[in-house]
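Colleague: I would like to go through this model with you, one element at a time. Please keep the answers short.

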Amino acid sequence: MNKSADYDGPILEIDRLSISFFTRMHEIPAVMDFSTTVMPGEAMGLVGESGCGKSTVALGVMQDLGVNGKIVGGSIKFKGRNLNEMSDEEFRDIRGNEIAMIYQEPMASLNPAMKIGKQLMEVPMIHENVDKDEAYKRALQVVTDVKLPDPERILKSFPHQLSGGQQQRIVIAMALMSKPSLLILDEPTTALDVTVEASIVELVRDLGKKYGTSMLFISHNLGLILETCDRICVMYSESYCRVWCLRLVGHAAIWSGFVVSIPSLNMTPVMTLAR
Ligand SMILES: Nc1ncnc2c1ncn2[C@@H]1O[C@H](COP(=O)(O)OP(=O)(O)OP(=O)(O)O)[C@@H](O)[C@H]1O
Ligand SMILES: [Mg+2]
């Protein structure tokens, strides 16, 4: 059963979030006044130019800002609960179990010295205390779900025996093992070639629907986001961030009653996204 079944408010609510990195002399504002929501079962796209703070938002949600990063304003709520007010122990239980993240570089998320099967089986064995047989069954199921050929052989392989695209499918499988309520994808396909990228995007879209997982999909590729998401947020870096939340209807995006053009789809501009 999906973990969001008992909660019907927004899965993720980011309200006027500001995050800075601190050096000895300076404060570097990375995210300023950013707000968005992700509803149950919804895929929210987050696009924006390089350096505007997309990854920092994701790391903020994962409470993984390193020693010099800090939330300096606003709040992040997961299923109505403020992450900042949770104890480390409470959040540890949520991270990797209820919220999972997929990074750009698949090998960063895989243990090179451990067979794929063991890595996948560890997720439910640690988080849900399930036995080995049940964990193996689930691992086999997710590897089948991410459409890898010969799942039994894949489970016996080490990460380096797989291609980049196959490794990324395993990372997606691993993220889905715990059936998270929220999956954050930070540029999950930029390390892959275009055809593999298209198949991964299709996979993510289908699995999101199958598992009922809400998604925050980060990319600088608007076309990719349009293929996958129900709504998009456009994030700009300037002295402050402007955010447009758009509802996607077919290939048009509606924002406050206006239709916004998407140039890559060759649509007539009714309103352009201008600064
Ligand atoms: N650990 C850090 N220390 C200092 N500054 C940082 C750190 N991480 C990020 N920044 C700064 O925060 C800003 C936002 O960076 P971030 O990585 O979130 O951008 P992004 O939108 O994900 O960019 P890209 O599309 O290139 O991945 C940048 O100006 C970056 O230099
Ligand atoms: Mg980034």
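Colleague: Is strand E6, residues 99-102, covered or open on its faces, and which residues are buried there?

Modeller: This is a predicted model, and a residue counts as buried in it if 20 or more other C-beta atoms lie within 10 Å of its own. On one side of E6, Ile 99 and Met 101 meet that criterion. On the other side Ala 100 and Ile 102 do. Both faces are therefore covered, by the cut-off of 20 or more, and the buried residues are Ile 99, Met 101, Ala 100 and Ile 102.

Colleague: Which residue in E7 is the bridge partner of Ala 100?

Modeller: E6 runs parallel to strand E7, residues 182-186, and four bridges join the two. Ala 100 has its bridge partner in E7. That partner is Leu 183.

Colleague: Which strands are at the edges of the open sheet of four strands?

Modeller: The order in this sheet is E2-E1-E4-E5, and the pairing is antiparallel. An edge strand here pairs on one side only. That applies to E2 and to strand E5, 81-82.

Colleague: How many bridges join E1 to E4, and which residue in E4 stands opposite Leu 12?

Modeller: Strand E1 covers residues 12-22 and strand E4 residues 69-78, and the two run antiparallel. Eight bridges join them. Opposite Leu 12, in E4, stands Phe 78.

Colleague: At what angle to E1 does H1 run?

Modeller: H1 lies across three strands of that sheet, namely E1, E2 and E4. Relative to E1, the angle is about 110°.

Colleague: Which element supplies the largest share of the shell around ligand 1?

Modeller: The shell has 15 residues, with Phe 21, Ala 30, Ser 50, Ser 55 and Thr 56 coming nearest to the ligand. By type, they divide into four nonpolar, ten polar and one charged. Strand E2 (27-38) and helix H1 (54-61) each supply at least two. The largest share, three residues, comes from H1.

Colleague: What is the span of helix H3 from its first C-alpha to its last, and what covers its buried residues?

Modeller: H3, residues 116-127, has twelve residues, and at 1.5 Å a residue 16 Å is expected. The model gives a value close to that, 18 Å. Its buried residues are Ile 116, Gln 119, Leu 120, Met 121, Val 123 and Pro 124. What covers them includes H4 (132-145), H5 (151-155) and H6 (164-177).

Colleague: Which residue just after H3 takes a positive phi?

Modeller: The phi in question is about 60°. The residue is Asn 129.

How values were computed
Residues are numbered from 1 along each chain as its sequence is written. Chains are lettered from A and ligands numbered from 1 in the order in which they are written. This is a predicted model: local features need pLDDT of at least 70, side-chain atom pairs count only at pLDDT 80 or more; totals for chains, interfaces and linings use all residues. A residue is buried if 20 or more other C-beta atoms lie within 10 Å of its own, exposed if 12 or fewer, and partly exposed in between; C-beta atoms are placed from the backbone. Two strands pair if DSSP finds at least two bridges between them. A residue is near a molecule or strand if its C-beta atom, placed from the backbone, lies within 6 Å of it. Ala, Val, Leu, Ile, Met, Phe, Trp, Tyr, Cys and Pro count as nonpolar, Asp, Glu, Lys and Arg as charged, and the others, Gly among them, as polar. Two residues are in contact if their C-beta atoms, placed from the backbone, lie within 7 Å. Axes are lines fitted to C-alpha atoms, for helices over the stretch in contact, and angles run from 0 to 180 degrees between N-to-C directions. The expected span of a helix is 1.5 Å times one less than its number of residues.
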